[in-house]
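User: I've just opened this one and I'm new to reading structures. Please take me through it, question by question.

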Amino acid sequence: MEVAVFIVSAVVVLSGALGVLLARNPVHAALFLVQTLFGVAVLFVLLDATFLAAVQVMVYAGAIVILFLFVIMLLGVDRADDLGIEPIAGQRPLAAVVGMSLAGLLATVLLVAVDGLTGAPAGTPIGDAGDNTRRLGEALFTDMVFAVELTAILLTVAVVGAVALARRLSGPMQPLPVVAIAEVDDDPDEATGDDS
Amino acid sequence: MSDYLRNWLTLVVFGGVAVLLVGAFLGLGSLVRPSRQTSQKAVVYESGVDPQGDMWSQSNIRYYVFALMFVLFDVEAVFIFPWATRLEVYDVFGLVEMAIFIFILALGLFYAWRKGLLRWI
Amino acid sequence: MILAADPLLVDGIDLTVVLIVLLKAGVAFALLLVAVMLVIWFERKLISDMQNRIGPALAGPWGILQTLADGIKLFFKEDLLPTRADRVVFRLAPYLSIIPAFVAFAIVPVGGDFSDGGDGTVSMFGRSTFLQVADPPVGVLFFLALSAVAVYGVMLAGWSSGSKYPLLGSVRASAQMISYEAALGLAIATVFLSSGSLSTHDIVVGQSATTWNVLATGIVPFGIFLIAGTAELNRPPFDLVEAEQELVGGFHTEYSSIRFALFFLSEFMNMITMSAIAVTLFLGGPAGPIVTQRVAWVWPLFWFFLKVMAFLFTFVWLRATLPRFRYDQLMDLGWKVLIPAALGWFLLIATLDVAADLGWPTIPVVIVGVLVLWGGASLLSGAVRKAQAERLEEADRGADETAGSASGLGEA
């Protein structure tokens, strides 16, 4: 049973991940990401980490991907990007190098540190599954206190960043640059609409 | 199979039945309803005139700010939950550290507030 | 206090257990669908009474079958797919909206004897079990996670329609829902303080042993939950999502036929689920006096439905009484009132709990706590007033400059 659930959720996770890479439409990619996150949540349930499973859906699917979707809508998704343009020079070779090294790292770990699929449980659990919320809390607020407070600071810094991005400039708004106005006039949808 | 997985299994069964039921509704609907499509029917509603311009427009950056603030408080809630279920073991030390945690995050909220980001108009 | 999981599932699964699980699921579905039908009728009838008109009266006795008639009518309506819609997502969105609404009800304990410290087990075909479909150890988080998923239904329905009104409506709706979800989560955190568990069943048991959470947490979180819940449901006065005067139908403008019915259904189902969750978290779930011993198992169900009805009545009452909020008022209420209040109250209750554990005298702690909160709140409101004054000044200056320049584009 466990193996069956694992295989199904692994397929869900991996197909979602592939979908993120291959989807042309950014909103579809975000939805595939949600699929992947759900698969990971099921994997957490399988490991009896119920709290983490719920948090996975609540925070990642419920907040982070919603944030992504807002950003996608902020940018306007219907404009298909020209994939021939590199916004940052040299990002493609760099991405290839980083990707290859990550893949190499993963392969090394799998080959060296794991002796294949044994099917045996990873270790003896220290408490029963219903208890893991409490145990997690105990670990967080005794040994990991410093990290928890750092998380709070990190999140606050993110807000400061958002403020810097989105703040209103004081004073009157500048008129639109001429180029932008010209673009609006050239809008093909409007040009074709000859009702007269 | 572990005890807890069984509890989740019940939920999966319940969710599966829900999906089937909704599917059955939609299937039944597609069997009995008429279909006389014309190109005019497939035009989106725009107060009775032909739709103008792009269909997917850009949204306001303020929505992004609120989504980010939501991430902040969602993560905060996630840290609070395990702490709240086991208050008695943390004592005064735990209380002080939670107060600091909430204070730092509240600073983020108040900063955005002070800078006028929570103002809609 | 950690309690065992549902005793039904602890020792092995045989045919009886499977049948009981299926029976519970089936009954829950039937109950939800019938309840939704009745709630729609109830709302229409009640709001008619409040507005001094008759409301549905022709289909069945007192018009009780009106919802069924409307539903059947919608089955026979043509289903339209806008040309500019994103086909896959457009079809997916109703599922994302209604499935969470169904599934969230699974964690609500609807019956069982919780009086005098009873743990709410009932026996059914010789097995003892809880009267809830499932009791995952993180039940309340499960509910929060599902309401997070429900945001996708709204957001994607609007986005995929490829039309302006739905898009505006869905972006607005999802921003509103996530804002109030934050307040909802923080209000629930206070419940965890007094119950010490995330499982809905344990929370109900904890309340039957002591007092209901609405008192144990000091009413404020209950009020926040109620307001945030109303906003999360997009119910009036927070129904900006489908503000007819501004957005036509909001995110479901382009939906027709049975797909529209699914959105409508999920809205009312969410209303029932939210009421049931509120009853579970704050009002002791099915707890209540057992009046007669002859059919003792009926009484918890009765009390549960009575409490849920009270919430449903409140939702309709709010709709009949209050005008719709403006969007900026909505966001202000969520971020500037509810969230700070929830956080402050959480800290206050936590301090009181710790003080009680350590044997500190209660009254001085309450006084100091309230003073600290009041000081914080007044500092905050002072800062806000100052900021507002500065902003007005700035705006005045900006207006002067704008009047001087030829652009004529003010700060929008």
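User: How do H3(A) and H4(C) lie to each other, roughly parallel or roughly antiparallel?
Analyst: Helices here are DSSP runs of H or I with at least four residues, strands are E runs with at least two, and both are numbered from the N terminus. H3(A) spans residues 50-75, H4(C) spans residues 139-160, and they pack at about 25° with their axes 8 Å apart. Axes are lines fitted to C-alpha atoms, over the stretch in contact for helices, and angles go from 0 to 180 degrees between N-to-C directions. Under 35 degrees counts as roughly parallel, over 145 as roughly antiparallel, 65 to 115 as roughly perpendicular and the rest as oblique, so H3(A) and H4(C) are roughly parallel.

User: What kind of model is this?
Analyst: Residues are numbered from 1 along each chain as its sequence is written, while chains are lettered from A and ligands numbered from 1 in the order in which they are written. Local features need pLDDT of at least 70, side-chain atom pairs count only at pLDDT 80 or more, and totals for chains, interfaces and linings use all residues, this being a predicted model.

User: How many charged residues sit in the contact of H3(A) with H4(C)?
Analyst: Two residues are in contact if their C-beta atoms, placed from the backbone, lie within 7 Å. H3(A) brings residues including Ala54(A), Val57(A) and Ile66(A), and H4(C) brings others, among them Phe142(C), Val151(C) and Met155(C). Ala, Val, Leu, Ile, Met, Phe, Trp, Tyr, Cys and Pro count as nonpolar, Asp, Glu, Lys and Arg as charged, and the others, Gly among them, as polar. The split is 14 nonpolar, one polar and, for charged residues, none at all.

User: Which residue of chain A touches Ser174(C)?
Analyst: Ser174(C) sits in H5(C), residues 164-195. A residue is buried if 20 or more other C-beta atoms (placed from the backbone) lie within 10 Å of its own, exposed with 12 or fewer, and partly exposed in between; Ser174(C) has 29, so it counts as buried. Skipping its neighbours within four places in sequence, Ser174(C) contacts Val151(C), Val154(C), Met155(C) and, from chain A, Ile66(A).

User: How far apart in space are Ser174(C) and Val241(C)?
Analyst: Along the sequence, 67 residues separate Ser174(C) and Val241(C). From C-alpha to C-alpha, though, the distance is 8.7 Å.

User: How do H2(A) and H3(A) run relative to each other?
Analyst: The axes of H2(A) and H3(A) come within 8 Å and cross at roughly 175°. Among the residues that meet are Leu33(A), Phe38(A) and Val45(A) of H2(A), with Tyr60(A), Phe68(A) and Ile72(A) of H3(A). This contact divides into 20 nonpolar, two polar and no charged residues. Given that angle, H2(A) and H3(A) are therefore roughly antiparallel.

User: Which residue with a positive phi follows H2(A)?
Analyst: H2(A) covers residues 26-46, and its 21 residues reach 30 Å from first C-alpha to last, close to the expected 30 Å. That expected span is 1.5 Å times one less than the number of residues. Its buried residues include Val27(A), Thr36(A) and Gly39(A). After H2(A), phi is positive, near 65°, at Asp48(A).

User: How far apart are the end C-alpha atoms of H1(C)?
Analyst: Two charged names, Lys24(C) and Glu43(C), are among the buried residues of H1(C). Just after H1(C), Asn52(C) has a positive phi of about 60°. H1(C) has 36 residues (15-50), so it should span 52 Å, and its ends agree with that at 51 Å.

User: What share of chain C counts as buried?
Analyst: Chain A has eight helices and zero strands, and 22% of its 196 residues are buried. Chain C has 13 helices and two strands. Of the 412 residues of chain C, the buried share is 50%.

User: Which helix gives the largest share of the side of chain B that touches chain C?
Analyst: Here 64 residues of chain B contact 73 residues of chain C. The chain B side has 44 nonpolar, nine polar and 11 charged residues. The largest share, 20 residues, comes from H1(B).
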